[in-house]
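Reader: I would like to go through this model with you. Can we take it question by question?

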Amino acid sequence: MQEGVAFKKLNLLNIKIEQLYIKWDEKLSISAQKITVIPKKHEEKELDLQAIDEKIKNLRLFENWIKKITFGNITYGENVFTLAYRENETGSFTAATKNFDLNSSFLLHEGSLRLTLHSLIHRHAMISGTLSMQKGLHHLQADLLVSVENTPLFDLALHTDTKKINYSLRARQKIENFHRLIALFPLPKEVHYWVHDAIELSNLELLDCSGFIPYETPQEAYKYLHAKALAHDLNYTYDTDLDSVRTRSTELEFQNGILFIRPRDAHSYGFDLQESRLQIDFTQPQEVLTLFLAFEGSLNKDILKILNNYRVKIPFEQNKGTTTADLTLAVNLHTIDIEASGNFTAQNGNFNFYDLNFDVAHAKVFLHNTDVNITATGTKHYDIAAADIQANIDVKQNAGEVALDFKEMTLSEKKISLDKKHPFRALYTLANGNDTLTLSPSFWRVAGFDVAVGSSTIPVDFTNLEAVFPKTRIKVPDKASFEISGKGSLKNKELSLAINVLDFSHDTARLAQKNTPLELHYGNDTLEIAAKRDTLFTIYNQKLRLSKTKLRLKNKQLSLLGLDVTLDKLVELRLGGIYDFATKRGDIIIDKAFVKREDASPLFSAIQPLHITLKNEPERMVCELESLGIDASYGVQGWHVRFLELQKLAPFTPLFQDYNVTNGTLSLSKEDAKEQIDFSAQTRYPFTLLHAKKEPVKNYRIQGSYTPKDGSVRFNVNDSLFVLFKKELAISAKNIGIDLFELIRFLELFQTGKKQNSLSVLFEGEDTYLYLNKERRIVADTIHFLHNQNGIEATLTCDKGVAQLSYDAQKQFLLHGANFGDRFMEQLFAYSKFQDANLSFTLNGDIDDFEGVFYLKDSTIKDYRILNNILAFVNTIPSLVTFSLPGYSTEGMYVTNGYMKFHAKDLLFDISDILLESKEITILGKGIVDYKKNNVDLELNLKTDLGSSASQIPILGYILFDEKSVATTLSVEGTLEDPQVSSLLAKEIMVAPLNIIKRTFLLPFHLFGDDENEEKK
C-alpha cells in the first residue's frame, strides 16, 4: 500500500470509477479522474439532515485518516461535482446542478469546517460569503452577501441550533425593481395578482427581515417570517373595476403568515382613506384578503359603487354632510366570496332613502353582508315630519322593517306635537312592493288638545291625509282591550270613532260585560265621549253600574256632563263636575246619594250633597272631602285614602256605630305592585280587650292588610295582638293581658242574626294572662282557645299546672284543672301568698248558674286576708293561747288538705262546705260570699288537738268535748278585703272527729269578681 494501488476502471453496484489511485503512507491518499453515480429509478429521497449532520461530525476522522483527495469529476444524474483536499491546506468544492452553480473552498481544522462561498448562483441571484460549523449542522454560522439582478445587495446572516435555522436579511439600498424581486419567489396563482400585479411603486425600503426555518416542518417557514418594508408612491389596484388606492408611502409587514398593508396619505375617488388598510392571511386553507375601510367622508355614489361591487348594498345615498366609515371586507382569494361587516356614523347629513329626502342629526348604520341596521336620531322629512329611525333591512331581498318614532308633524304650517310620555311610532314594512305602515297607539296634541289614536295597519300612501280606520283591536296588557273603527281627517282636524270596550280591569275593578259601545267625536276644537248604554263593573266583589255617561273636553276644561253610579244596590250617586287642565284643579259634586238596602251594613246610611275637590299634583291626583275629613290620592305608585276624623263620619256610618268606632283615624293604601290593601288606624276604644302593666289599654294602634282575592284580613294591635281573618278568626298574643269577659262581649258583636255562632275563633297565647279584675288574673305559659259553632274548647298551662275548658252551644261548661302552684294561685287569689302550693279544681254547669269544688293539698299559706283575720282573732282568746301556731307569722301555716264546695249564681256564692286542715288547727264551715255587694258572711268552727297538754289548758267559757280537743265557733262578716271576726259563744258546739272527705282547696273566693266590683272596692 505504500507504493499505492491503481485501478483503470472499477464498478461497484451503481458507481463507476475511472483512473482510481489509492495509497497508504501513515494516512490515506485517494484520487479519481471520473466518478459516475447512476441514480436508482424512482429514487426520491428526502433531505436527511440528521445523516448529513452525522457525516459532518465525522470530519475529525476524515481529518485524522485522510492525507489527500482529488476527485476530478463526480457525476450524479444531471449534477456534476469536483472535490480537492490536502492535509492542513485549503480544499475546494464545486457543483453544477439544474438549480444552482457553486464554487467554494474549505478548510478543516480539529473537526471544524470553514466554508468560503466564492459564488452560489441561483437563477438571477448570486450568494457569496463564509460559513463555519463546529460539531455539526446545529452549530452553523454564516455571513453572506446576496446579489439579485437589478436590485441592491443584501446581507444575509444565518445561525442554527438543534431545532431551526435562524436568519436575518438586510438590504444595503432601496429596492427599485420590486416586481423583479417578487418574481424570484414561486407564488400561488390566486395570490400572484394581489402581491404582484396589483402593486405599482417607485421603490421599496426594506426595514427588517428575519425569522427561522424549523427542521421538522420547513414548509411552514413563512409563518415564522417577520418582514417590514416601506413602499414609496404605491398605487394599489385591489379591484380592476374600481379606482386604485394611491398612497405617498405604505408600510408593508409580513408577520405570523399575514401580510399587512398600511397606507399613509391614501386616496381613492378623490377622498382621503385615512386609517384604511389591507391584509392577506396566508395561514388559512384558502388565502383571505381583508380590506379595512376607516375614513371620514360621504356615502356618495363612488363609495356606494365600491360597496356595491362587493355586494354590500346601502339603501340610501348621502347628499351632504360627513360620514365616518368603519367597514371590514373579507375576500376569499380562491372563491372571491365576500364577508362584509362594519358601521357608518353620519353627522348633520342629508340623504335620499327610497325616494324620500331627509336631514339627519345623527345616524349609525351597522351592516353584515346584506343585512343593514340603521339607527338615526333627529331625522326630518322636509317640514312634514320629524322622527327617530330604527331600521333592519335585507337589501338583497328588499325586505325588512323601518321603525319611526315620530317627534312632530307639520300640516298647513301648524304643528301637531306629540306627548313625550306617549310617543307615536310607525313601522314601515318592506315586502317586495306590498309595503305597509303600521301605526302604534299614540297621543296627539292638536290645537292645544290631547287626542288618543289606536293602532292600525294601512298601505303606504303619503299623499292622502285622510284615513278610514278599519276595525282594530287595541289591548293594554292586563288592563283593557277594545275595538275601534271610524274615519279622520288631518286637514279638517276631525275624528269620529266608534269604540267598543271588550274588557277592562284595574286593581280590583273589572268590566262585567262583554261589549261596551262608546262614541268619540272631535271637531271644532271639542272632544266628546258618550256611552250608548249602561256600563257594568265589579269592584272589590261589588257590582258597579255607570249610567248616562258623557264627557266633554273644550278649552282645556273637561266637563262631566252626566254620570249616575250605583254600587251593588247599596248606594246610588249622581255626579257632575269640571276639571281645568290649565290650573290642574277640579270640582265634583255628588248631588244625589242614598242607601238602597238596609240589611247590607252600608257605609253611609244618610248623606247630604258632597263637594269633592280635585288637585293634580306631580305624579298623582288628590281628592278631598273636607266635610267628612277624608282625602284620597291616586298616582303611578297606587292609591291612598285617609279618614282623618272618624267622629265626622261615624254619625253617617251604622257599621262604625255597631262596632263602637266613634273616634280616631283610618288610612287605606294600595301599591300597584302589590295585591293587598294596607291599612292602619288609631282609636280610643270602649272595649278594654287588652291589659298592660295591670292597666286596661284604651288607645289602640292597628296595622294590617286586606287581600281582596281571598277576602283575608291580617293586622296587629299595639304590636302585641296578631289577628288573621280568612273565613275564620285566628288570634295570637304574647306578653299581654286579655280581658276574658270583654273579649266574649266583643265577639258577641259578630254573632247576630242568621250567622249566630258561625264564626270560628282560634286563640293562641304565650306568656299571657287572662284578666279577671284589678286584683286577680289567670297567668299562663300557653293558652289554646277554639271557639266555633259547637262551642268552646280551651287549654291553659302554667308551670306544671294544666286546665281544660269545654263550653257547648247550650251554655253548659266544664272546667277542670290540676297541679297549679304558687305563681298561678298568688295571681288568682286576691290578698294571698303561697309556698309549694298544689291546687286542683272542677266547675260545671251553666255559665250563670254552676257548681264547683276546690282542692288544696300539702301547701303553705303565708298570706291570705280572711285566714289572717281568723288567726289574729284566735290569738286574742286566752283559752286558745296554747295554740300558739309556732312560726306562723314568718313561715305561714302548712295545710295538709283544703276543700270548698259551692253553688254560684249571679255572682252570689253559696258555700256549703269549707275544710282547712293543718297540724295546729282544723277549720270547718259554710256561708255566703256576695261579689256584687263585696261582702262575706261565714260561720266557721275551729278545732285544735290538745294532746298531753290538755290538763294545762283552761276551759273558761268553752265546752270540753273530750280529753283530746277543744273547739269554738267564729263568725266572719264584712268586706272581702278586711272582714271582721267574732266569737259565737252562745252557739258553741262540740265537734267530734268526722271522717271528712279530704279534698284540696279549689278556687279563691274572689275568682268571679268583675271590674265594677273592683272599682267599688
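Reader: Is E671 buried, partly exposed or exposed?
Author: This is a predicted model. The relative accessible area of E671 is 40%. Buried would need under 20%, and exposed over 50%. So E671 is partly exposed.

Reader: Which residue does E671 meet in a salt bridge?
Author: The N to O distance in this salt bridge is 3.9 Å. The partner has a relative accessible area of 34%, so K674 is partly exposed. The side chain that meets E671 is that of K674.

Reader: How many residues apart in sequence are the parts that R823 and D781 tie together?
Author: R823 and D781 form a salt bridge, with the closest N and O atoms 2.9 Å apart. R823 sits in helix α9, residues 822-828, and D781 in strand β59, residues 776-788. The pair therefore ties together parts whose separation in sequence is 42 residues.

Reader: D405 forms a salt bridge with R425. Is D405 buried or exposed?
Author: The closest N and O atoms of D405 and R425 are 4.0 Å apart. R425 has 44% relative accessibility and counts as partly exposed. D405 has a relative accessible area of 16%. The cut-off for buried is under 20%, so D405 is buried.

Reader: Where in the chain is confidence lowest?
Author: The chain averages a pLDDT of 76. Strand β6, residues 91-96, has the highest confidence, at 92. The lowest mean is 39, in helix α12, residues 1011-1016.

Reader: How many residues are in the largest nonpolar core?
Author: L144, Y236 and I280 are among the members that touch the most others. L144 touches residues including L117, I127 and F154. Another core, of 69 residues, lies apart from this one. The residue count of the largest core is 103.

Notes:
Residues are numbered from 1 along each chain as its sequence is written. This is a predicted model: local features need pLDDT of at least 70, side-chain atom pairs count only at pLDDT 80 or more; totals for chains, interfaces and linings use all residues. Side-chain values use heavy atoms; hydrogens and water are left out. A nonpolar core is a set of buried Ala, Val, Leu, Ile, Met, Phe, Trp, Tyr and Cys residues joined through side-chain atoms within 4.5 Å. Buried means under 20% relative accessible area, exposed over 50%, partly exposed in between (1.4 Å probe, protein chains only). Contact means heavy atoms within 4.5 Å. pLDDT is the predictor's confidence in each residue, from 0 to 100. Helices (H or I, at least four residues) and strands (E, at least two) are DSSP runs, numbered from the N terminus. Lists of a residue's contacts leave out its neighbours within four places in sequence.
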